[in-house]
Amino acid sequence: MRYLAVIGRLKSLVGADRYTQHPPVPLLVAAVTTVLVAVGSTGPWARVLGEKYVNDEIETWSVRGTVGDGMGTLALGILAGVLILWRLVRSHSSGFVLGAAIVMLVVVVVVGMLNWLDVSHMPGVDQHGRYFRTGVRAAWGLIVVTLAALAGVSALAYQLRNDELR
């Protein structure tokens, strides 16, 4: 009997009794998007086509996101994920927590869009010792970071609006 009382007290301390049935879907969607931001930040952000022919094909190489702004988006994505988890666990967290997560993901969206608009000037695209580059394309990592952060902002804004209406 005493064991159940300790478990009940522990649940009330961490706020596990906040959601009677299920946690809010927008918060779960936002948590998944922060994981996608972290994965995309470490993936390739640019695919560069060169003029050197290797085995009768144009040489290509990828530039990872961690070479440039990907480290910042990775850190912001992780911090936003921690804030979302904080909001899921704590029973009485204010709108400031979701607001801070929204601001972090908006910064990630802006960084992703700026890099996507001007892929050719990303760090690591101009590599010395390589031949002339003929084209640069955005790779899957940059696309995932930008779109996932945008989806996360939308989900968090929806959840914040629902919280304020209660």
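Arginine 47 comes out as partly exposed, because its relative accessibility is 35%. Keep in mind that this is a predicted model. The residue sits in strand 1, which covers residues 44-54. Leaving aside residues up to four places away in sequence, arginine 47 is in contact with Thr60, Trp61, Gly135, Val136, Arg137 and Ala139. Take the pairing with alanine 139: 92 residues separate the two in sequence, yet their C-alpha atoms are just 5.7 Å apart.

Now for helix 2, which runs over residues 25-42 and holds valine 39. This helix has 18 residues and spans 27 Å from first C-alpha to last, close to the 26 Å expected at 1.5 Å a residue. Quite a few of its residues are buried, including Pro26, Leu27, Ala30, Val37 and Ser41. Valine 39 isn't in that group: its relative accessibility is 42%, so it counts as partly exposed. On the surface, valine 39 joins Val35 and Trp140 in a nonpolar patch, and together they offer about 290 Å² of accessible area.

Here are the two partly exposed residues together:

| Residue | Element | Relative accessibility |
|---|---|---|
| Arginine 47 | strand 1 (residues 44-54) | 35% |
| Valine 39 | helix 2 (residues 25-42) | 42% |

What about salt bridges? Searching the whole structure turns up one. Its partners are the side chains of arginine 87 and aspartate 163, at 2.3 Å from N to O. Arginine 87 belongs to helix 3 (residues 70-89) and aspartate 163 to helix 5 (residues 140-165), so the pair ties together parts 76 residues apart in sequence. Both arginine 87 and aspartate 163 are buried, too.

Note on methods: Residues numbered from 1 in each chain as written. Predicted model: local features only at pLDDT ≥ 70, side-chain atom pairs only at ≥ 80, totals over all residues. Heavy atoms only, no water. Patch = residues over 30% accessible without salt bridge, like charges linked within 9 Å, V, L, I, M, F, W, Y side chains within 5 Å. Areas by Shrake-Rupley, 256 points an atom, 1.4 Å probe, with all protein chains shown as cover. Salt bridge = Lys/Arg side-chain N within 4 Å of Asp/Glu carboxyl O. Helix = DSSP H or I, 4+ residues; strand = E, 2+ residues; numbered from the N terminus. Buried < 20%, exposed > 50% of the residue type's maximum accessible area, 1.4 Å probe, protein only. Expected span 1.5 Å × (residues − 1). Contact = heavy atoms within 4.5 Å.
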